[in-house]
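Dear colleague,

Please find below the structure that I am handing over to you. My findings follow directly after it.

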Amino acid sequence: MVILKGAEVSAKIKEQAEKDLRIIKEKTGKTPKLAIVRIGEKPDDLSYERGAKKKLESFGLETEVYPFPEEISHQEFKAEFEKINEDCNITGILLLKPLPKQINEKEIDSIIDPSKDMDGISPVNIAKIFAGEESGYAPCTAEAVIETLKANQIPISGKRTVIVGRSMIVGKPLSMLLLKENATVTICHTKTVNLKETCQEAEILVAAAGRGKMLNQDYVGSGAVVIDVGINVDENGRLCGDVDFESIEGLASMATPVPGGVGAVTTAVLAKHLVKAAMEHLPS
Ligand code: NDP
């Protein structure tokens, strides 16, 4: 089984981004800047924030964190978010989610400037992804799956592809991105019957259920390409994916590890989106 390493995919994304970044700097003299907006101090958010800052800085991009207290009211947060949204020194915005329950998440999603929406939360970008338009921004993790397949020259067109998970951040947008690449897509969830059999038929199997090591040898067909989006903590406190990696070793042809797989590509896609946003605002 070939192990698909996220670092190699990330390096390929960086190569292209660096070319565009040189053009941006020549034409504007400025470095694109990402605003990372965080409410509270959840360990998951802090960990993602650290990873995103490190990756973007390694691409030569700027980041600035905008932290807000956990108890901030919806109206106060909305007013602060609008200031960030309108700041012409900010190229793109990443809003760390989930938001505390007093914040109306849907309203914030709907006011983010679609051209600064680096993780595809705006209804405008969701519609563009649904319509297969290239000008939209997909959620970074969903796009990271496509980048992983393409960087490893894995054919997508016509392939039987099964996604386990239908969230707005991974499963649903990924189904649209795969469809755009002409895959035949099946989306599974907690009400799917015959989950094992359905997964076994996949030529490309994407695990995005958030259930540690759930997909074992019973779910994987011979020769399948397995992409593991899951980030979970196992009984020993170690990071693990949704796939029981060891049990599928003799079955799958290729698989992404956790850690070191899709997660590393997700922040590279975030950097790519920031460069794309800056390219779109270049003076003609
Ligand atoms: P959600 O909890 O929002 O969605 C999980 C989905 O999986 C749901 O659609 C759910 O079905 C389905 N599901 C859960 N359990 C089962 C099961 N036993 N059988 C079939 N389907 C099931 O999770 P996210 O989409 O936000 O995240 C998924 C995983 O990806 C998590 O581990 C998360 O940590 C990770 N992640 C990784 C990122 C990265 O950068 N690598 C970024 C974002 C997330 P139903 O709709 O019926 O409830």
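Which residue forms a salt bridge with Lys150? The partner is Glu181, and the closest N and O atoms of the pair are 2.9 Å apart. Lys150 belongs to helix α6 and Glu181 to the loop between α7 and β6, so this salt bridge ties together parts that are 31 residues apart in sequence. Lys150 is partly exposed at 44% relative accessibility, and Glu181 is partly exposed at 22%. Please note that this is a predicted model.

Salt bridges

The structure holds 17 salt bridges in total. Lys97, Glu105 and Asp109 are joined into one network by salt bridges that share partners. Within it, Glu105 pairs with Lys97, with 3.3 Å between the closest N and O atoms. Glu105 counts as partly exposed, at 27% relative accessibility, and Lys97 likewise counts as partly exposed, at 27%.

A further salt bridge is formed by the side chains of Glu147 and Lys272, at 2.5 Å from N to O. Glu147 sits in helix α6 and Lys272 in helix α9, so the pair ties together parts that are 125 residues apart in sequence. Glu147 is buried, at 17% relative accessibility, whereas Lys272 is partly exposed, at 27%.

The ligand site

The ligand is surrounded by 21 residues, of which Thr141, Arg166, Ser167, Thr190 and Ile231 come nearest. By class, this shell consists of nine nonpolar, ten polar and two charged residues. Three side chains may be noted for their N or O atoms. That of Thr190 has such an atom 2.4 Å from an oxygen atom of the ligand, that of Ser167 has one at 2.5 Å from a ligand oxygen, and that of Asn232 has one at 3.5 Å from a ligand oxygen. The ligand on its own has 920 Å² of accessible area, and the protein covers 71% of this.

Ile231, one of the residues that come nearest to the ligand, also takes part in a nonpolar surface patch of about 310 Å², together with Val233 and Leu239. Val233 lies in strand β9, residues 232–233, and is exposed, with a relative accessible area of 60%.

Backbone geometry

Most residues other than glycine have a negative phi, and most peptide bonds are trans. Four places in the model are of interest in this respect.

Two peptide bonds are cis. One joins Lys97 and Pro98, with omega at about 5 degrees; Pro98 is in the loop between β4 (92–95) and α4 (105–111). Lys97 is also part of the salt-bridge network with Glu105 and Asp109. The other runs from Val258 to Pro259, with omega near 0 degrees, and Pro259 is in the loop between β11 (254–255) and α9 (262–280).

Two residues other than glycine have a positive phi. For Gln153 the value is near 55 degrees; this residue lies in the loop between α6 and β5 and is exposed, at 64% relative accessibility. For Asn182 phi is about 70 degrees. Asn182 is placed in the loop between α7 (171–180) and β6 (184–188), and it is exposed, with a relative accessible area of 51%.

Side chain to backbone contacts

Are the residues Asn85 and Thr161 buried or exposed? Asn85 counts as buried at 9% relative accessibility, and Thr161 counts as buried at 0%. Asn85 is in helix α3, residues 74–86, and its side chain reaches the backbone oxygen of Ile111 at 2.7 Å. Thr161 is in strand β5, residues 160–164, and its side chain reaches the backbone oxygen of Lys159 at 3.1 Å.

Contacts across the sequence

Gly132 lies in the loop between α5 (123–131) and α6 (140–151) and is partly exposed, at 26% relative accessible area. The C-alpha atoms of Gly132 and Lys180 are 6.1 Å apart, while the two residues are separated by 48 residues along the chain.

Ser115 is in the loop between α4 and α5 and is partly exposed, with a relative accessible area of 23%. Ser115 and Lys276 are 161 residues apart in sequence, and their C-alpha atoms are 9.7 Å apart in space.

With kind regards

Note on methods: Residues numbered from 1 in each chain as written. Predicted model: local features only at pLDDT ≥ 70, side-chain atom pairs only at ≥ 80, totals over all residues. Heavy atoms only, no water. Near = heavy atom within 4 Å. Polar contact = N/O pair within 3.5 Å; in protein donor to acceptor, adjacent residues only side chain to side chain. Areas by Shrake-Rupley, 256 points an atom, 1.4 Å probe, with all protein chains shown as cover. Nonpolar A, V, L, I, M, F, W, Y, C, P; charged D, E, K, R; others polar. Patch = residues over 30% accessible without salt bridge, like charges linked within 9 Å, V, L, I, M, F, W, Y side chains within 5 Å. Salt bridge = Lys/Arg side-chain N within 4 Å of Asp/Glu carboxyl O. Helix = DSSP H or I, 4+ residues; strand = E, 2+ residues; numbered from the N terminus. Buried < 20%, exposed > 50% of the residue type's maximum accessible area, 1.4 Å probe, protein only.
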